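User: Please take a close look at one part of this model and walk me through it step by step. I am new to this, so keep the sentences short.

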2 protein chains.
Amino acid sequence: VSEPLPGGPGLSEEEIIRLAGALAAGAAGAGPSAGLKLGIGDDAAVLDLAQGEYVVTTDLMVEGVHFDLALMAPADVGWRAMAANLSDLAAMGALPRWGFLSLGLKPPAREDLVRGLLGGMLELGSTHGLALAGGDTVRAPVGLVNLCLIGAMAGVTPVTRAGARAGQAVCVTGWLGQAAGGLAWLQAGGDAKDPLAAPLVAAHRRPTPRLAAGRALAVSGLVTAMMDLSDGVASDLARLALASGEAAGAPLGAVVAAEAVPVSEAAGEAAQRLGADALAWALTGGEDFELLFTCRPADAPALARAVQAAEPGLAVTVLGEITAEPGLWLAHADGRRAEMSFQGYDHFGYDHFR
Amino acid sequence: VSEPLPGGPGLSEEEIIRLAGALAAGAAGAGPSAGLKLGIGDDAAVLDLAQGEYVVTTDLMVEGVHFDLALMAPADVGWRAMAANLSDLAAMGALPRWGFLSLGLKPPAREDLVRGLLGGMLELGSTHGLALAGGDTVRAPVGLVNLCLIGAMAGVTPVTRAGARAGQAVCVTGWLGQAAGGLAWLQAGGDAKDPLAAPLVAAHRRPTPRLAAGRALAVSGLVTAMMDLSDGVASDLARLALASGEAAGAPLGAVVAAEAVPVSEAAGEAAQRLGADALAWALTGGEDFELLFTCRPADAPALARAVQAAEPGLAVTVLGEITAEPGLWLAHADGRRAEMSFQGYDHFGYDHFR
């Protein structure tokens with residue numbers, strides 16, 4: 001049936017499961033894991049749940065498509081996979097609870113790689129109260145990280161993408177284009193420690209999921225639609241308008257004011273040095289994992305204060321408006337307009353690395 | 001940032017998500033999806049749950065490692081991925097409820113491939129009351145299928161691997177080695193429609209998760225430990241003994257009676273034609289997805305009747321005993337004994353296809 005694999009000894013499947021169990025148990029000590037009756041090691045995990053609403057999200061990251069081990073340490077890959085999934089929970093306003101990891105590894109399964117990956121993942125997860133409760137480990141031709149996370153709404157109504165209406169304000173948290181700038185910087189061979197680029201590189205390698213902000217926005221009851229920015233505001237806002245239009249029974253669009261897009265000074269300078277366009281990073285560069293949301297224009301200041309209270313230093317910017325006219329437009333102060341629907345990252349239309 | 005991919009037009013990410021949503025909605029019409037408040041298309045699915053115990057399992061299948069599209073149709077790959085995950089729910093005694101699919105596809109994403117894969121997966125899932133509630137779609141260098149399933153215990157206590165004790169009977173449902181025989185037959189270029197091999201090929205391509213049997217066994221309250229056979233009885237029984245020994249605080253082992261191992265006539269004949277060993281298929285061939293469980297010897301007949309009532313035609317065989325002596329042994333009627341711990345499929349120790 002089978003022959004030993006070339007490549008020397010690595011961890012066996014059993015050893016990886018045991019290591020994951022030990023690291024998860026250690027990390028869970030730092031945070032709550034109430035409700036988890038049986039964790040890693042059996043056919044399935046057992047959760048003892050209170051009545052209520054829960055949200056579930058899953059994300060698959062593939063080596064060479066979503067991450068490059070030449071540009072990121074294994075711990076960064078683990079962190080980033082967890083961040084991408086936590087960001088989906090943040091966008092619903094949920095509290096992170098339990099995670100399930102499927103890991104694909106190219107043999108031999110090096111212990112330092114597995115430890116790094118799990119370490120980065122659990123470092124971020126446990127900070128936000130998430131316990132790793134189960135998973136699967138398999139051999140694969142490239143590194144694969146799939147996480148499926150369960151969050152609890154704990155009495156708060158989840159915020160979908162579908163509640164925006166014409167005339168409402170389009171808002172985002174934080175800076176846009178930071179992660180795309182960091183990736184471009186690294187791909188151009190830039191020094192990760194350069195003070196100018198450091199925040200951009202950190203946004204690429206160790207993004208911050210906006211869990212406290214997302215929860216505060218959901219609790220407010222004033223947010224009409226919300227999603228996280230994983231493929232760039234051009235694509236993601238088009239999705240939000242599309243989903244909201246379908247729910248409303250009449251198509252919706254959006255207009256973004258170019259001058260309002262929050263681009264950091266660091267991103268602007270880095271783009272200049274690289275001969276790139278920071279606004280393009282902000283609009284079409286994915287994986288900032290900031291929150292995109294809509295509300296009545298009059299509610300925007302109160303929501304900005306709620307976000308500030310939840311995550312001190314995190315700004316909210318009103319960058320556009322939902323329109324009854326379908327399509328997604330970028331409007332410049334001088335009156336120029338350009339259509340920009342779905343200019344972000346489509347996994348099948350574009351190639352991220354080449 | 002990006003250039004169009006070579007390979008001609010395939011489905012876009014949006015189109016795949018829409019297709020999955022439409023197929024899932026169609027399939028859900030056939031089965032219950034109570035509790036699913038928001039399905040495919042948002043940042044996360046929303047479940048409205050009653051208080052109680054739930055189980056969660058996840059499994060990753062990789063093209064070239066777990067399946068070969070030269071030997072299986074896309075619908076078979078989807079079916080098999082669903083079967084492997086449902087089998088984990090069966091082994092806890094749970095009722096299938098909601099599934100989350102991560103799909104990795106090599107561009108171009110061909111519509112017939114996506115339709116076939118989702119069709120086979122939903123055909124089996126909806127039969128057992130499972131609704132596809134969310135997922136993720138990405139580009140990948142090989143086909144990837146990850147499922148994360150949630151099952152409900154609905155008042156029944158889940159059965160773990162850890163409750164077996166010395167002197168208890170080791171039982172299995174159905175025939176062992178069928179799936180390994182079917183794979184060997186196909187790999188040797190055998191005709192899939194040969195009447196001799198047809199049940200073996202079906203066991204490989206379209207395995208039957210033992211959900212009704214697993215539920216009946218859990219409901220009985222007489223099963224002390226249970227798991228599904230995904231890596232062969234040699235590895236899986238060793239895992240059950242190990243987990244039970246750890247829980248008991250004293251190591252446990254098991255002995256399997258070679259002559260009691262349920263090998264079908266078809267498997268025996270096919271093995272003879274291929275110059276292979278049907279007993280080796282049964283012991284070390286993985287992915288039969290039958291149930292392995294332990295009980296007091298006196299309870300075995302009642303449990304066999306409960307399984308018959310739940311799945312008519314499905315036999316239960318007592319093939320061994322849990323021992324206070326650690327290690328896993330194969331005992332022949334003539335008194336020969338051979339140690340066989342962990343002779344099954346380790347994802348990092350052996351190569352399945354080459």
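Analyst: Start with a term. A helix or strand gets an axis, a line fitted to its C-alpha atoms, and the angle between two axes runs from 0 to 180 degrees between their N-to-C directions. Keep that in mind for a helix below. This is a predicted model.

The part to look at is a sheet built from both chains. Strands of a sheet pair through backbone hydrogen bonds, either parallel or antiparallel. This open sheet has six strands, in the order β5(A)-β4(A)-β6(A)-β3(A)-β2(B)-β1(B), and its pairing is mixed. The edges are β5 (131-139) of chain A and β1 (36-38) of chain B, and each of them pairs on one side only. From one strand to the next, the twist averages 20°.

Now find β3(A) in that order. On one side stands β6(A), residues 144-152, joined to β3(A) by nine bridges in the antiparallel sense. Within this pair, Met61(A) faces Val145(A) of β6(A). On the other side, β3(A) meets a strand of chain B. That strand is β2(B), residues 45-49, and the two pair antiparallel over five bridges. Here Glu53(A) has Asp48(B) as its bridge partner.

Next, add the helix. Helix α3 of chain A, residues 111-127, lies across three strands of chain A: β4 (95-105), β5 and β6. The helix runs at about 165° to β4(A).

Now step back to the whole contact between the chains. On each side, 79 residues take part: 79 of chain A touch 79 of chain B. The buried area is about 6,400 Å², and carbon and sulfur atoms give 55% of that.

How many salt bridges link chain A and chain B? The count is ten. Take Asp43(A) and Arg161(B): their closest N and O atoms lie 3.3 Å apart. The cut-off is 4 Å, so this pair counts as a salt bridge. Polar contacts join the picture too, with 26 residue pairs found across the interface.

Which element gives the most residues to chain A's side of this contact? Strand β3 (residues 52-62) does, with ten. By class, chain A's side has 41 nonpolar, 17 polar and 21 charged residues.

Put it together. β3(A) pairs with β6(A) of its own chain, and it also pairs with β2(B) of the partner chain.

Methods
Residues numbered from 1 in each chain as written. Chains lettered and ligands numbered in written order. Predicted model: local features only at pLDDT ≥ 70, side-chain atom pairs only at ≥ 80, totals over all residues. Heavy atoms only, no water. Contact = heavy atoms within 4.5 Å. Buried area = accessible area lost by both parts, 1.4 Å probe. Salt bridge = Lys/Arg side-chain N within 4 Å of Asp/Glu carboxyl O. Polar contact = N/O pair within 3.5 Å; in protein donor to acceptor, adjacent residues only side chain to side chain. Helix = DSSP H or I, 4+ residues; strand = E, 2+ residues; numbered from the N terminus. Nonpolar A, V, L, I, M, F, W, Y, C, P; charged D, E, K, R; others polar. Pairing = 2+ DSSP bridges.
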